[in-house]
Amino acid sequence: MSDAALRPRRRVSDVNGILDRSPYPLASVAIAVVAVIVITLVGFTLGTVDIGLSKALNGLHTGFIGAFTTAVYHVISPGPAIGITVVVVAVIWWRTRDLRPALAFGGTIAITWVPSAVVKEIVHRARPDVAVLPHPFPVQPDPGYPSGHTVYITAFVIALIWLLRDTRWHRLALTLGIVAIVIVFFSVSIDAVHYPTDALASIVWALAVAPGVRVVWVDWLMPKVPFLRPRESRTR
């Protein structure tokens, strides 16, 4: 028997940790459902409880800090965020030569992110009053709770960490991802387009909801699509 036959067979690419099945699927889905209900209900109780903190953080919106936080807000607004996600999905597909991890990545982000916009309309919490802010941002027409920007970046980071789970880039993705989430949290709070509690609820939303979303999308739904089934299943 040759040495090659004795070597363990490797996956086509290690960049597909997001496809690893959850060991606790029902618990993940249950936590996601409970989180959506609780975060929605909490939103109705907040009112202007942290307007003082919003004013204090908005006081930092000057010079370089103000320019930077405004740039962050624009860069991950819905249009650019969708574009960024599509590009990353395409790169994953090109890198792995496999559509499954690419769609797992993009779908996990989208299905975690989009429902938060529905909750935003249900709760309808107003954004910080520009009349009391020292450096008001242009008035945003939609409600503020939860923060779509913060849900998006947190879901993006979570999906990226899962994707790179089996690679040497995992620790770097984790570190830079946490930094990115913190930057977005303070950016939307310093711009005062969101209350800090909007952004905090958004981080909790993504952390609690994304695992359940990944179970439903990747473990349950994708295998039902013939061209998205695991290769070993398609060859039986």
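This text walks through a predicted model, from its nonpolar core to its salt bridges.

Start with the core. The largest nonpolar core holds 50 residues. Four of them touch the most other members: Ile 18, Phe 105, Ile 109 and Tyr 152. Several helices build this core, each supplying at least two residues. They are helix 2 (25-46), helix 4 (63-75), helix 5 (78-96), helix 6 (99-123), helix 7, helix 8 (170-190) and helix 9 (196-221). Helix 7 gives the largest share, 11 residues.

Look next at Tyr 152, one of the four residues just named. Setting aside neighbours within four places in sequence, Tyr 152 contacts Ile 76, Ala 81, Ile 84, Thr 85, Ile 109 and Trp 113. Ile 109 is thus a contact of Tyr 152, and Ile 109 also belongs to the four residues that touch the most other core members.

Now move to Thr 154. This residue sits in helix 7, which runs over residues 148-163. Is Thr 154 buried or exposed? Its relative accessibility is 1%, so Thr 154 counts as buried; the cut-off for buried is under 20%. What does Thr 154 touch, beyond residues up to four places away in sequence? The contacts are Ile 181, Ile 203, Ala 206 and Leu 207.

Turn to the charged side chains. The whole structure contains seven salt bridges. One of them pairs Arg 125 with Asp 50, at 3.0 Å from N to O. Arg 125 lies in the loop between helix 6 and helix 7. Asp 50 lies in the loop between helix 2 and helix 3 (51-58). The pair therefore ties together parts that are 75 residues apart in sequence. Both partners count as buried, because Arg 125 has 4% relative accessibility and Asp 50 has 8%.

Another salt bridge joins Arg 100 and Asp 98, at 2.9 Å from N to O. Arg 100 counts as buried at 11% relative accessibility. Asp 98 counts as buried too, at 6%.

A further salt bridge links Asp 219 to Arg 214. Their closest N and O atoms are 2.6 Å apart. Asp 219 has 5% relative accessibility, so it counts as buried. Arg 214, at 4%, also counts as buried. Some salt bridges share partners, and these join Asp 50, Arg 125 and Asp 198 into one network.

Note on methods
Residues numbered from 1 in each chain as written. Predicted model: local features only at pLDDT ≥ 70, side-chain atom pairs only at ≥ 80, totals over all residues. Heavy atoms only, no water. Helix = DSSP H or I, 4+ residues; strand = E, 2+ residues; numbered from the N terminus. Buried < 20%, exposed > 50% of the residue type's maximum accessible area, 1.4 Å probe, protein only. Contact = heavy atoms within 4.5 Å. Core = buried A, V, L, I, M, F, W, Y, C linked by side-chain atoms within 4.5 Å. Salt bridge = Lys/Arg side-chain N within 4 Å of Asp/Glu carboxyl O.
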